[in-house]
Structure formats: structure tokens, C-alpha cells
4 protein chains.
Amino acid sequence: MSTFGREYRVTTYGESHCKSVGCIVDGVPPGLALTAEDIQVQLTRRRPGQSNLTTPRDEKDRVEIQSGTEFGYTLGTPICLTVQNQDQRPHDYSETDHYPRPSHADWTYLQKYGVKASSGGGRSSARETIGRVAAGAIAEKFLREAYGIEIVAFVSSVGGVAMPRDRELETVHRVTRGEVDQTLVRCPDSATAAQMQDVILECSRDQNSTGGVVTCVVRRAPVGLGEPCFDKLEAVLAHAMLSIPATKGFEIGSGFLGTQMRGSEHNDMFEAAGTGLRTRTNHSGGIQGGISNGEDIYFRVAFKPPATISQDQTTASYAGGEGVLAARGRHDPCVVPRAVPIVEAMAALALMDMVLVQNGRTASRALLKPVPSELKGIKPI
Amino acid sequence: MSTFGREYRVTTYGESHCKSVGCIVDGVPPGLALTAEDIQVQLTRRRPGQSNLTTPRDEKDRVEIQSGTEFGYTLGTPICLTVQNQDQRPHDYSETDHYPRPSHADWTYLQKYGVKASSGGGRSSARETIGRVAAGAIAEKFLREAYGIEIVAFVSSVGGVAMPRDRELETVHRVTRGEVDQTLVRCPDSATAAQMQDVILECSRDQNSTGGVVTCVVRRAPVGLGEPCFDKLEAVLAHAMLSIPATKGFEIGSGFLGTQMRGSEHNDMFEAAGTGLRTRTNHSGGIQGGISNGEDIYFRVAFKPPATISQDQTTASYAGGEGVLAARGRHDPCVVPRAVPIVEAMAALALMDMVLVQNGRTASRALLKPVPSELKGIKPI
Amino acid sequence: MSTFGREYRVTTYGESHCKSVGCIVDGVPPGLALTAEDIQVQLTRRRPGQSNLTTPRDEKDRVEIQSGTEFGYTLGTPICLTVQNQDQRPHDYSETDHYPRPSHADWTYLQKYGVKASSGGGRSSARETIGRVAAGAIAEKFLREAYGIEIVAFVSSVGGVAMPRDRELETVHRVTRGEVDQTLVRCPDSATAAQMQDVILECSRDQNSTGGVVTCVVRRAPVGLGEPCFDKLEAVLAHAMLSIPATKGFEIGSGFLGTQMRGSEHNDMFEAAGTGLRTRTNHSGGIQGGISNGEDIYFRVAFKPPATISQDQTTASYAGGEGVLAARGRHDPCVVPRAVPIVEAMAALALMDMVLVQNGRTASRALLKPVPSELKGIKPI
Amino acid sequence: MSTFGREYRVTTYGESHCKSVGCIVDGVPPGLALTAEDIQVQLTRRRPGQSNLTTPRDEKDRVEIQSGTEFGYTLGTPICLTVQNQDQRPHDYSETDHYPRPSHADWTYLQKYGVKASSGGGRSSARETIGRVAAGAIAEKFLREAYGIEIVAFVSSVGGVAMPRDRELETVHRVTRGEVDQTLVRCPDSATAAQMQDVILECSRDQNSTGGVVTCVVRRAPVGLGEPCFDKLEAVLAHAMLSIPATKGFEIGSGFLGTQMRGSEHNDMFEAAGTGLRTRTNHSGGIQGGISNGEDIYFRVAFKPPATISQDQTTASYAGGEGVLAARGRHDPCVVPRAVPIVEAMAALALMDMVLVQNGRTASRALLKPVPSELKGIKPI
């Protein structure tokens with residue numbers, strides 16, 4: 001449905017042509033300093049029309065906090081966030097509306113709900129992600145203030161042009177959002193970025209589109225996040241990421257490449273670090289047994305080429321007749337750069353929920369008498 | 001936590017050395033013919049000790065239905081399924097217990113819960129998957145009887161030895177479980193299977209381990225499953241798969257490779273089929289806009305090499321001191337063949353929940369007056 | 001939290017002095033004819049200022065549909081409903097703000113959240129119920145169109161003045177909303193209504209307040225609603241009702257009086273009715289074993305006297321010092337008449353969720369082969 | 001469904017004649033000392049056959065911990081608890097099985113699920129409450145060890161014989177379980193208890209049954225429990241209580257009587273107490289605005305007379321024909337004494353979930369910088 005999370009719960013609403021889009025965020029810890037500007041930053045990063053690499057519409061997208069804060073602080077009550085739609089008229093019917101767009105949500109939405117929003121998939125519009133990004137920005141602010149957590153996503157591949165894997169892994173451990181935003185394509189490796197831009201411009205010229213990969217890292221997450229067995233941290237991250245429109249894959253740490261390794265290479269050996277342990281390598285991607293281990297949590301998300309292209313496409317109408325669909329207007333040839341703040345937002349939402357649940361456990365356990373030392377892995381002599 | 005699903009809800013329990021493992025399944029439709037044998041089939045397929053490619057312990061694992069059926073039919077009430085553990089003694093402490101196993105759950109479980117099961121990760125044991133497989137078998141039986149749904153998983157890659165991609169895709173559309181089980185490694189391509197076996201035997205000799213990929217297909221799923229926006233079908237499948245121990249990645253349809261394609265190639269054009277539409281190609285993997293479109297749903301799941309190997313490993317103890325951990329006993333060099341029924345089970349659980357929710361919507365909507373035709377995508381003239 | 005329901009899910013937001021209040025309703029069946037006017041009717045019924053029996057503020061409360069409908073029909077996507085607040089400034093501090101209002105939520109909210117909304121309890125304001133009433137109106141429209149369900153609540157007691165019990169029970173079975181609204185106090189028994197008005201006017205003169213009881217009936221609910229064991233229909237109704245501000249009790253059917261009866265009197269005997277059965281009496285209140293049986297579902301909800309009164313009250317300040325709190329302004333001496341549409345709304349929300357879940361079960365079960373007749377209670381000869 | 005709670009989650013299973021009954025409890029804090037004996041105490045208190053006031057069957061009901069503990073401590077993983085059924089054969093059909101028992105769940109279960117357990121309502125059997133009592137005992141142990149919380153329920157009315165209201169309220173504030181168990185009827189007021197016993201024995205002689213009221217108190221609950229708006233503490237308690245078989249009503253604090261009071265009497269004035277505040281009276285029943293305020297939480301639960309009586313009852317068969325149903329065997333004439341530990345268990349479950357959620361909030365908020373003092377209700381000068 002349209003709700004994500006158990007204790008930090010986000011419910012989004014809105015289609016392309018309704019009055020507004022947005023969300024209600026429930027479970028935000030009280031006492032967090034929060035203004036619309038904290039949220040606007042990420043909304044602006046997801047906005048289209050920032051360059052000729054993305055769709056030229058200028059959507060504005062100013063967020064308004066409807067509830068849940070006073071004097072610049074959260075009250076612990078639900079925060080409703082809204083963004084007005086510019087174009088609020090249901091769409092006029094035209095010739096192309098006879099055709100469900102290939103690989104888009106038009107046909108499946110009609111089959112599922114038995115009705116069809118005039119704006120096609122309606123709810124499958126990228127505008128739905130506004131609510132996610134807004135809610136994610138609040139989560140992120142909490143995570144940063146409470147733990148110093150940094151979440152940074154970047155584009156690691158576009159249409160087959162990919163950062164070298166070792167460069168990608170180095171990048172994971174140190175990249176900042178400022179660095180990511182230095183190129184329009186949001187790839188912090190400038191050589192690769194240039195090639196990616198060429199691919200996107202070529203798609204744009206060809207009225208075509210292409211996909212790509214977003215890599216994301218969460219740094220300084222506390223140890224202990226994730227709720228086995230079904231809500232392992234990577235499972236919830238995968239759920240979060242595959243709920244973003246146009247995604248086709250998710251991998252954590254070594255991912256699909258890790259399947260080719262031997263255990264002796266893949267295992268992350270421990271070493272002492274402060275009062276605890278850390279691992280020398282991080283093929284695990286910061287999660288072991290479904291629980292964060294304090295290392296960088298990094299993962300990759302695959303995005304398919306956007307389905308809406310301006311080329312003529314020979315396909316079938318709703319009624320079954322073959323014909324040619326020619327999409328009007330200009331369309332985004334590659335959504336991956338704009339997906340960067342969406343991936344960051346969904347990561348923040350997943351983490352935030354886990355933080356609240358784990359803190360509830362830890363604080364409750366702390367009220368009990370200590371357990372005998374052998375239950376802590378210390379061998380009784 | 002240990003519950004998966006909203007309307008078809010599975011809650012698992014059990015560690016390696018407690019009395020029993022199993023689950024409660026709530027929301028099973030009443031009136032389904034069901035005996036223990038329906039469930040045992042898949043439990044037996046997941047059992048270790050079936051060959052020298054997997055761990056030699058013979059766990060037996062006979063399932064017992066505690067509740068929820070009478071005279072061989074489900075009552076619609078919770079079904080509790082239990083499997084006795086053979087070795088129910090908490091484990092004696094030994095030298096190796098001073099070391100958290102690298103890339104295993106020992107250390108993170110201790111950090112998260114503040115206590116340590118004597119059997120290491122305890123709940124992260126593969127025995128936890130018994131409850132999933134049992135619950136999945138019931139879901140699968142319903143899906144088969146109600147819709148003729150077929151769910152078949154197979155091993156498509158082991159330690160870098162992979163079925164050719166085109167062969168894999170052909171296999172997806174026709175393979176049966178019988179064919180999958182014809183090789184020990186559960187790869188239905190016999191040439192590839194032979195090479196996979198060599199890799200596993202080599203790992204076994206070297207006291208090492210390796211990973212692999214399981215590909216799974218769901219055939220004949222009805223159109224309309226999946227609950228956008230957050231519970232898109234692929235998002236729930238990804239959640240389900242990444243909750244399986246040792247998984248590192250998930251991709252649906254064209255997956256990561258699809259990111260390299262152009263929209264014009266990737267788009268699945270429609271054509272008339274019976275009273276509806278189908279797509280000529282299926283890069284979407286049977287899901288568009290988060291909703292099943294009636295085509296085969298196929299996806300791939302990455303499994304890392306098992307963390308427990310018998311080789312000496314230089315690592316740190318819980319107390320932080322460096323030392324050498326030498327795991328005792330024999331260990332499974334590659335879990336992928338045994339993961340096949342677990343992947344099938346999790347697919348069945350994800351689908352089943354979606355079926356109940358969508359049927360509730362459809363049956364409720366059918367009680368209303370029909371909507372005007374323009375809401376169904378038919379242009380008013 | 002601020003979400004109610006599993007498949008028909010309402011999330012409310014808003015405090016007294018924020019920009020707007022409202023809700024997101026997820027899970028509304030697609031294809032339901034719906035305009036703002038359908039919702040406004042009940043919002044207007046809950047509005048204060050309708051007479052000198054209730055608080056004189058005129059809040060307006062015009063609802064706006066932000067999303068989820070097109071051309072007057074629901075799309076099956078989340079419906080966001082908003083109502084602007086007239087007074088959006090956080091409140092200035094004054095002398096009385098040093099005192100948590102007795103029996104109000106000021107002190108517990110501060111203790112729970114560690115922050116204090118300037119408008120006192122903030123979220124505990126009666127304005128929060130706007131979202132409930134709006135969401136309930138949609139549920140009610142569906143239930144009426146799909147099943148002919150009628151939900152009618154009325155005031156059966158105010159400050160100790162109560163309708164005679166037998167009159168109350170007769171009323172349950174036939175009363176309409178039109179009849180309820182014929183008296184300001186919303187008691188359809190005119191003699192009792194007149195006495196209730198006297199009590200309320202007396203409280204008003206005395207700067208005091210009083211409580212009362214709302215009785216509610218759901219007629220023509222289908223058989224089979226309710227999800228044992230924990231989500232029995234009466235349990236969910238009780239949850240729904242006790243979540244309304246100022247409620248202190250709930251009873252279904254014979255309720256507390258039924259505890260004094262013998263089983264032989266209390267048991268509702270069956271008799272043939274059409275193709276099924278019905279009961280001759282209805283002490284059960286339309287629910288047996290947690291499941292609706294097709295008879296009228298009726299229950300009673302107790303409301304305490306409003307905590308905010310204009311009389312001087314000797315109490316303690318936040319800092320602990322004793323002092324006199326004199327509430328300013330005019331306050332509602334009895335909320336019970338205004339609670340009528342809120343009780344109706346919460347009943348609709350509870351029912352609606354149960355309808356979707358049960359229809360999912362029934363439609364799914366119908367796909368299976370019929371069960372042997374002995375499983376249907378027909379003795380095999 | 002059969003799950004209660006969000007973070008402390010109990011799922012029960014089992015009918016009258018299946019192999020076993022019990023539950024899985026997920027979310028138990030790790031490190032709690034726990035043995036089967038801790039649980040058995042309350043199971044034994046709910047066991048029938050303890051006197052001639054209750055049904056003479058001796059069910060034994062020995063609980064077995066299947067998982068989730070080691071060396072007498074909880075691991076934080078799911079705890080499965082099972083109790084064998086003595087009579088595991090599905091029931092033979094007899095003449096009386098043609099008649100759905102009046103006011104029992106036979107008919108509604110059949111209508112809802114389309115199948116009929118041979119043991120009538122099956123899942124509506126009192127044996128289902130074994131899982132609740134077992135899970136509640138664990139929650140209660142945590143609450144006692146962590147906070148010193150005491151939960152005590154007692155019988156305050158049977159068949160119209162009631163403790164005087166003022167006596168009941170005094171009892172609430174001091175009664176112990178030991179005192180409650182001193183009379184068979186579990187009413188700690190010996191004069192009233194004697195009269196209650198007479199009523200029950202009379203019912204027993206007459207092959208009839210009667211209802212009653214259980215009053216319950218939770219002492220020393222921390223301030224701040226309850227999750228407004230929908231999960232107010234009293235709403236969750238009401239849900240919990242009305243999910244117990246045979247319940248018809250719930251009231252908190254002043255309850256239905258409070259509806260007759262004036263605000264000036266009903267309001268609980270504050271006074272300084274230690275570093276905080278407490279209230280001089282407690283008509284609120286320890287909850288204000290849906291949140292515990294540190295005073296005793298007390299409430300009353302109404303139980304109807306048991307539906308199964310041995311008297312002949314003229315009713316209709318499943319097929320609609322009128323006839324006489326004569327229940328065989330001996331039946332419990334009054335369930336109220338046995339309901340005492342069930343009410344306590346459900347109270348513990350409701351509280352426990354709220355504790356985990358609130359501790360998660362508080363611990364998370366504590367990681368932020370302190371808020372300005374005016375947000376804490378302290379007027380800035």
C-alpha cells in the first residue's frame with residue numbers, strides 16, 4: 001500500500017494531476033529542530049529541469065509543513081507535508097490515450113483497479129516520490145543529529161558506462177553530496193561522468209532513453225540495526241529500493257559479484273577497534289546476519305531505461321488493435337541522476353524505523369539485571 | 001521481526017539447538033485440502049545430506065501439523081507446524097567459541113541482543129528456514145489449486161560458472177521441478193551442472209566454500225498482484241528474498257543488465273491475446289508499475305559463499321585478541337542447491353499475501369455499480 | 001499511532017493551531033462515486049456552533065479532496081482530505097499556561113513527548129476527529145452502496161438523564177439520522193431530549209460540564225465480519241470507540257447489564273430465515289464468537305464530562321506550585337451530541353476494514369473445489 | 001487475526017481437539033530470566049477443575065518452551081510455547097451437532113469460513129486463551145522486573161451480586177493475587193464472595209449459567225504509555241479485553257457511571273509529588289489523553305453468561321428445522337473466576353507493547369540536543 005515503516009511510518013498520496021502530492025510522517029521523535037528548508041533541499045535535488053540532461057519542465061515543488069511542528073521543533077505528532085501540483089486539471093483525452101504505454105503502468109493499473117486515471121498510471125507517476133523524499137529528509141536530519149550518520153548516493157553507471165569497480169568502492173567510503181552534485185549526471189568520477197553525459201545526450205537526440213545504477217552508502221550507522229529474521233536490514237533496504245519506480249535490482253556489499261568468490265576471500269576478518277571489533281574488509285556491505293555491524297553500509301540499485309520515449313512504437317491499443325504510439329512532449333532520457341535523492345530518502349526511511357525499534361529494545365533491556373557473563377560469549381573457566 | 005505478510009501471515013520460531021523449529025501460518029483460506037505430506041515434500045528437498053555436494057548431516061525433519069486442519073482440510077484458523085530438533089542440548093563451550101565467526105552473525109547478534117546463543121548466531125541458523133518452507137508449501141498448494149500457478153527455482157550459477165543467459169531465459173519459461181532435481185546441483189542445464197559440481201567438490205576438498213545464483217519463475221500468476229506504491233510486487237519479492245540467510249542481491253526481469261539497454265529495446269510492446277493483452281517480450285519480468293501483468297514473473301537471487309569454512313582463519317576474539325579460528329566438523333561448501341526450495345517458498349508467501357488483498361479489492365469493487373466507460377480508458381466520442 | 005485499519009487504512013494529522021487538519025485514506029475500493037459533498041455532510045454534523053447547546057465557535061470546516069479521485073470516482077489510490085484551520089498561529093503564552101488542565105492531556109503529552117504544543121494537548125484536540133469523520137464518510141458511502149448498510153448513532157443519556165432501556169432498544173432497530181437530528185441534543189426520544197437539554201443548559205450556566213452515552217447501530221451488515229481471535233468485531237469496535245477523545249466505556253449488545261442475566265435468558269435462539277438462520281432475540285448485539293451474524297450490531301459508548309470548564313479549579317502548576325486555574329473563553333458543556341457523527345465514522349472504519357478482509361477470504365476460497373459436506377456441519381449418513 | 005501487538009507480538013494457535021495449543025511470542029527483550037515455571041503459575045490459575053464452581057475436567061496444561069531461551073534467559077528471539085491437548089481426536093458427530101449452539105460461535109464460524117470444525121466453534125474454544133495467558137506471563141515478568149509493575153484482577157460482580165462500588169475502588173489500590181485467590185470465586189470481599197458462590201451453585205443446580213464483571217488494576221506503570229491518537233492506552237486495553245471470549249463491555253476509571261458526573265467533580269486535580277505531579281483523585285483511571293499518568297490504571301470487563309448450558313433449548317438446526325438441543329456433559333456455570341488470569345494476561349500484553357514503543361521514542365529523543373525551555377511549558381520571561 002502507500003505506507004512504509006512500522007514505528008517511523010510514512011504514508012504518501014497524490015497523482016500527477018490532482019491538487020497536491022505529499023505525505024504524512026508518523027513517529028518522528030519529538031524535539032527535532034525542523035523547518036521546511038531542511039526538507040526543501042532534497043526536494044530541489046530531485047526536481048527535474050535542472051539541466052538539459054533531464055526533463056525541462058520546471059515543477060517548483062515548494063513543500064509546506066501542515067502539522068506536527070511548532071516554533072521550529074517537532075512535536076512527536078504526525079507531520080503532514082504537501083506540495084501543490086501546478087497542473088491540476090485531469091488530462092484531456094487524445095489519440096495516444098487509446099494505447100497503454102509499453103512497459104509503463106497504464107495497463108496493469110487499469111487491470112488491477114478497473115479504472116484508469118486520465119494521467120495514465122497516475123499514481124505510478126514520478127511525482128509520488130516527492131512524499132518519499134520529504135519524509136526521508138526528516139529521517140535523515142534525525143539520523144545525522146543523533147548519530148552523525150551520512151547517507152550519500154551517486155550514479156555509478158549509465159547505459160553501460162560504469163565507474164571502475166575499485167573506484168566505485170573507494171568512492172563509497174569518502175564521497176560527499178557536494179562532490180556528487182559537481183556533475184550534472186551525479187557521478188563523482190569526472191572521466192566517467194563525461195562519458196555518461198554523452199550517452200544521455202545521444203539518447204535525447206534519438207528520442208530514446210537509457211538506464212543506470214545508483215550506488216548508495218550509509219556511514220556511521222550504529223551497530224545492531226535490522227530485525228531478523230524477516231526484517232533483516234538488507235531485506236528492508238531491498239524492499240525500500242525496489243519500491244522506487246523503474247528499479248530492477250538491488251545488491252548489498254559484494255552483491256552478484258560476490259557469488260563468484262570463495263569463502264576464504266569473501267569472509268571479513270575481525271580486528272580490535274576501540275572497545276569493540278571491526279572488520280578488515282567489508283564484502284558484507286556493513287550487514288551480517290541481517291544486522292548492521294558498524295561498517296559502511298553500501299548497496300547498488302538498478303534502474304531500467306524510462307518507458308516513455310518519443311519514438312514511434314508499434315503496439316496494441318486497449319481494445320487490442322495494433323497501431324503506432326507516438327508519445328508527445330519531451331521526456332526524461334535517463335532518470336538516474338534524479339533518482340539519487342530518492343535512493344537516499346528511502347535509505348533514511350529504512351534506517352530510521354530500525355533505529356526506533358532497536359532503541360526500544362536496548363532501553364528496555366537496560367532496565368533488567370545484567371545477565372551472567374557466559375551469555376555474553378565469555379567462556380566460564 | 002519473525003513475521004512475514006499481512007493477510008497470509010507467517011511467524012517462524014526456533015534456533016539450532018532448541019526443542020523444535022517451525023511456524024504459525026495465519027490467514028490460510030479455509031477448505032484447502034492439506035496433509036503433512038503436502039508440506040513434507042518441500043522440506044525434504046531443503047534437507048541437507050542428500051549428496052556429497054551438501055553437508056552430510058541427516059536431519060530428518062518430519063513436519064507435524066499441530067492445528068488448523070481437520071479431516072484433511074484447512075479450517076481457516078492458524079496452522080502451527082513443528083519439526084523436532086535432533087540435537088536439543090545447548091552447545092558446550094569450546095576454544096573456538098571465543099571467536100565470532102567471520103562474516104557470520106555471531107558478533108552482530110551479541111551486539112544487538114546483548115546475549116549470545118551457545119550455538120552462535122542461533123536464530124541465524126539455516127534451520128530457521130524450515131518454517132518458511134513449510135508455510136510456503138501451503139501457500140503454493142493454494143496458488144496451484146486456485147490458479148494453476150507454478151513456481152520453479154533452479155541454480156543458474158555457482159562460483160562463477162553460469163548458465164548462458166539466453167539458455168537461462170528459455171529455461172525460465174518451461175522448466176519443471178522434476179528437471180531441476182535431475183542434477184544434484186539443481187541446474188537443469190546438464191553441461192553447466194557438471195562444471196558446477198566440479199567447483200563445489202573443489203571447494204569441499206579445499207575446506208572452502210562458494211556462492212551462486214538461484215533463478216526463480218512464477219508462471220500463470222493472475223494479472224493485478226502487487227500493492228503500489230510501497231508494496232509493489234517486486235519490492236515484496238525483494239524483501240522476501242533478501243530475508244533468506246546469505247543472500248546479497250535480487251534482480252527482476254532484465255535486472256542489472258537491463259540498465260545498459262535503450263528504452264526502445266527494453267520496452268515490452270503489447271499485442272492482443274484472448275480478451276486482453278500480453279507483451280511480445282518480457283524484459284519487465286512480468287511486473288509493470290509494481291503490478292503483475294500476466295507474463296512469467298522471473299527473478300534472480302545472489303547467495304554469497306557460506307561463511308563457515310574449515311580452513312584456519314586469522315581473526316579477532318570477542319575480547320579483541322588476534323588468533324586463529326579453525327572451524328570443526330564438516331560444512332556445506334555451497335548452499336545454493338538447498339536454497340532452491342527456500343526461494344520457491346518465499347515467492348509463494350509473497351504472492352499469496354498479494355492474492356488475498358487483491359481478491360478483497362476486486363470482490364468489494366464488484367458490489368458497486370459499474371463506472372462510466374471513460375474511466376476504463378475508452379475514449380468517449 | 002495515527003493510523004487505523006489494515007486494508008482500509010486511515011492516517012490522521014493535525015493539531016489545533018497548525019495549518020490544516022485531515023487524513024490520508026488508503027485502500028478505498030476503486031470505482032466508488034465520491035465528491036467532497038459526500039464527506040461534507042458528516043463534517044457539518046460534527047461542527048460546533050450549531051446551537052447554544054454546543055460551543056459557539058463557527059469553524060467552517062470545508063473539506064478539500066487533494067487526491068485519489070477523478071471525474072467524481074475513486075481511483076483506488078490514497079485519498080488525501082484536508083480542512084484548513086482558521087486560527088493557525090501558535091498560541092501566545094498566558095498565565096493559565098502554567099497549569100496543566102486537570103483531566104486534560106496537557107501534562108501527559110508533555111511527559112510522553114518531552115515537548116508541549118502551545119495549544120496544550122495539541123493533538124488531543126477535538127479537531128483531530130475531523131480526519132476520522134471524513135474518512136468514515138467514504139467508508140460509509142461504500143458500505144451503503146455495496147450492502148445497504150445503515151449506521152445511525154444517537155444520544156441515549158446525558159448527565160444521568162437516560163432514555164428508558166426498552167425505548168433505547170426499540171429505537172436501535174428503526175431510527176434514522178433525520179430523526180436523530182430533530183433535537184439539538186440528538187436524542188430521538190423527545191421527552192428525554194427535553195430533559196437532557198435542561199441538564200446541558202444548567203451546566204452551561206454553572207460553567208460546568210457533563211457526560212453522556214452515545215448508542216450506535218449498524219444495520220444490514222453482512223454475516224461473517226470480524227477476524228478472530230484478536231480482531232473480533234467487538235474488539236475492533238471497542239478499540240475504535242475508545243480511541244475517540246473523552247470516552248470511558250464501551251458495551252456491545254446486552255453489555256454490563258447482560259452480566260446479571262442467566263444463560264437461559266441471554267442465549268439468542270435460532271430460527272429459519274430465508275436460506276439461512278436468524279436469532280429470535282439479540283442480546284449478542286449482532287456478533288457471536290467475534291463474527292457478525294446478520295442481526296443489528298448495536299453498542300454504547302460512554303463519554304466523560306469535558307475537562308475544560310470555566311470554573312476556577314485549584315490545582316498544581318507544571319512546576320508543582322498550587323494555584324487557581326480559570327479557563328478563559330466559552331467551552332462545550334457536553335460533547336455528546338457532536339460525538340454522534342464521530343461514533344458513526346469510527347464504526348464505518350471498523351466495518352470497512354473487516355469487509356475487505358472477509359471478501360478477500362471468500363473470493364479466494366471460492367477458487368477451490370467444494371469441501372465434503374461433513375465439513376459444513378451436515379452429518380454424513 | 002491471531003496476532004496481538006506491534007513490537008511485543010503474540011500469535012496464538014490451536015483448537016479444542018488438535019494436537020496442541022500455544023503461541024509464538026516475538027519481541028521479548030533479551031536477557032530476561034525465564035523458565036517454564038514462570039509461565040505455568042498463571043496457566044494453572046486459568047485451569048478449570050479447581051473446584052466445584054468451575055468445570056470438573058482436569059486439563060493439566062503443562063507448558064513447554066520450544067525456543068527462544070537458553071540457560072534460563074531469553075535470547076530476544078521468538079519464544080514458542082506449547083501445551084498438549086489431552087483429547088486430540090476430532091469429535092464424533094452426534095445428534096446435537098445438527099444444531100448450532102445458541103449464542104455460541106458455531107453458526108458464525110461456519111458462515112465465515114465455509115467449513116465447520118467438528119468441535120463446534122473450534123477456535124472459539126476457551127483453550128485458545130492458553131496461548132494468551134502464557135505470553136502474558138512473560139510480559140508480566142518483564143514489567144515486574146523492569147518497573148515493579150503489579151497487575152491484579154479480581155471478580156467484582158457475579159450474576160448481579162456485586163461488590164459495593166467504594167469497596168471495589170479501595171480494593172483496586174491494594175489487593176494482591178494471594179488475596180484474590182483466597183476465595184474460589186476470586187472476589188477479595190469475603191461477604192460478597194459467599195453470595196457469588198451461592199449464585200453459581202444455584203446456576204449449576206439449574207443447568208444454567210451466569211455472567212459477571214472482572215475488575216483489573218495495573219499499579220506502578222510508568223508515565224507516558226499509550227500511542228495517540230488511535231492507539232490510546234485505553235483503546236488498546238479495550239481491544240485486548242473485548243478479544244477475550246464472552247466479553248460484552250469495558251470501562252476505564254469512572255466508566256459509564258462517570259457519564260453522570262459534572263466536570264467539576266470528575267476532574268482530577270494535580271498536586272506536587274516528588275519531582276513531578278500526581279492527581280488527587282483518579283476518575284481518569286490512570287490515563288489522560290490516551291497516555292498513562294502514573295496513577296493506578298483500573299478498568300472493568302463484562303462477561304456474559306456462558307452460552308453452553310445443559311438445559312433443553314428450543315432452537316433451529318443448521319438446516320433450519322426447529323428442534324430441541326440438549327447439551328451433553330457438564331459445563332462451566334460461570335467463567336468469571338477463571339477469566340481473572342486471562343484479563344491480567346491481556347493487560348500485560350497491551351502494556352508491554354506500549355513500553356517498547358515508548359522506550360524507543362524516549363531513548364531516540366535523548367540523542368538530540370535539548371529543546372528550548374518554552375517548548376516544555378515553561379513560560380519565557
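**Exercise 1. Classify A:Phe71 as buried, partly exposed or exposed, and describe its backbone.**

Step 1. Take the accessibility. A:Phe71 has a relative accessibility of 44% in this predicted model.

Step 2. Apply the cut-offs. Buried means under 20%, and exposed means over 50%. A:Phe71 therefore counts as partly exposed.

Step 3. Place the residue. A:Phe71 sits in the loop of chain A between β5 (69-70) and β6 (73-74).

Step 4. Check the backbone. The phi of A:Phe71 is positive, about 50°, although the residue is not a glycine.

**Exercise 2. Find where B:Arg220 lies and state the sign of its phi.**

Step 1. Locate B:Arg220. The residue belongs to the loop between β10 (212-219) and α7 (233-242) of chain B.

Step 2. Read the angle. Phi is positive here, about 70°, and B:Arg220 is not a glycine.

**Exercise 3. Identify the peptide bond that joins C:Pro228 to C:Cys229, then examine D:Pro228 and D:Cys229.**

Step 1. Start with chain C. The bond between C:Pro228 and C:Cys229 is cis, with omega about 5°.

Step 2. Place it. C:Cys229 is in the loop between β10 (212-219) and α7 (233-242) of chain C.

Step 3. Turn to chain D. A cis peptide bond links D:Pro228 and D:Cys229, with omega about 5°.

Step 4. Place that one. D:Cys229 falls in the loop between β10 (212-219) and α7 (233-242) of chain D.

**Exercise 4. Work out how strand β10 of chain A is covered and paired.**

Step 1. Count the buried residues. In β10 (residues 212-219) of chain A, eight of eight residues are buried, and the strand is mostly covered.

Step 2. Sort the side chains. In a regular strand, side chains alternate between the two faces of the sheet. From β10(A), A:Gly212, A:Val214, A:Cys216 and A:Val218 point one way. A:Val213, A:Thr215, A:Val217 and A:Arg219 point the other way. Both sets are buried.

Step 3. Find one partner strand. β8 (residues 150-158) of chain A runs antiparallel to β10(A), and eight bridges join them. A:Val158 has A:Gly212 of β10(A) as its bridge partner.

Step 4. Find another. β16 (residues 297-303) of chain A is joined to β10(A) by seven bridges, also in the antiparallel sense. Here A:Val217 is bridged to A:Tyr298 of β16(A).

**Exercise 5. Describe the interface of chain B and chain A by contacts, area and bonds.**

Step 1. Count contacts. On chain B, 122 residues touch 122 residues of chain A.

Step 2. Take the area. The two chains bury about 9,600 Å² between them, with 58% of it on carbon and sulfur atoms.

Step 3. Name the main contributors. B:Lys112, B:Phe230 and B:Lys248 supply 10% of the area that chain B buries against chain A, more than any other three residues.

Step 4. Count the polar links. Six salt bridges form between chain B and chain A. One of them pairs A:Lys112 with B:Glu227, at 2.9 Å from N to O. There are 60 residue pairs in polar contact.

Step 5. Look at the side of chain B that touches chain A. Helix α2 (residues 106-113) of chain B gives the most to it, with seven residues. The residues of that side split into 48 nonpolar, 46 polar and 28 charged.

Step 6. Look for shared strands. β11 (residues 247-252) of chain A pairs antiparallel with β11 (residues 247-252) of chain B over three bridges. In that pairing, A:Glu251 is bridged to B:Gly249 of β11(B).

**Exercise 6. Repeat the analysis for the interface of chain C and chain A.**

Step 1. Count contacts. 42 residues of chain C touch 42 residues of chain A.

Step 2. Take the area. About 3,300 Å² is buried between chain C and chain A, and carbon and sulfur atoms give 64% of it.

Step 3. Count the polar links. There are two salt bridges between chain C and chain A. One joins the side chains of A:Glu64 and C:Lys19, at 3.5 Å from N to O. Eleven residue pairs are in polar contact across this interface.

Step 4. Assign the strands. β2 (9-13), β3 (20-26) and β4 (63-65) of chain C each supply at least two residues of the side that touches chain A.

Step 5. Sort the residues. This side of chain C divides into 16 nonpolar, 16 polar and ten charged.

Methods:
Residues are numbered from 1 along each chain as its sequence is written. Chains are lettered from A and ligands numbered from 1 in the order in which they are written. This is a predicted model: local features need pLDDT of at least 70, side-chain atom pairs count only at pLDDT 80 or more; totals for chains, interfaces and linings use all residues. Side-chain values use heavy atoms; hydrogens and water are left out. Helices (H or I, at least four residues) and strands (E, at least two) are DSSP runs, numbered from the N terminus. Buried means under 20% relative accessible area, exposed over 50%, partly exposed in between (1.4 Å probe, protein chains only). Contact means heavy atoms within 4.5 Å. Buried area is the accessible area (1.4 Å probe) that two parts lose on being put together, summed over both. A salt bridge is a side-chain nitrogen of Lys or Arg within 4 Å of a carboxyl oxygen of Asp or Glu. A polar contact is a pair of N or O atoms within 3.5 Å; within protein, one must be able to donate a hydrogen and the other to accept it, and residues adjacent in sequence count only if both atoms are side-chain atoms. Ala, Val, Leu, Ile, Met, Phe, Trp, Tyr, Cys and Pro count as nonpolar, Asp, Glu, Lys and Arg as charged, and the others, Gly among them, as polar. Two strands pair if DSSP finds at least two bridges between them.
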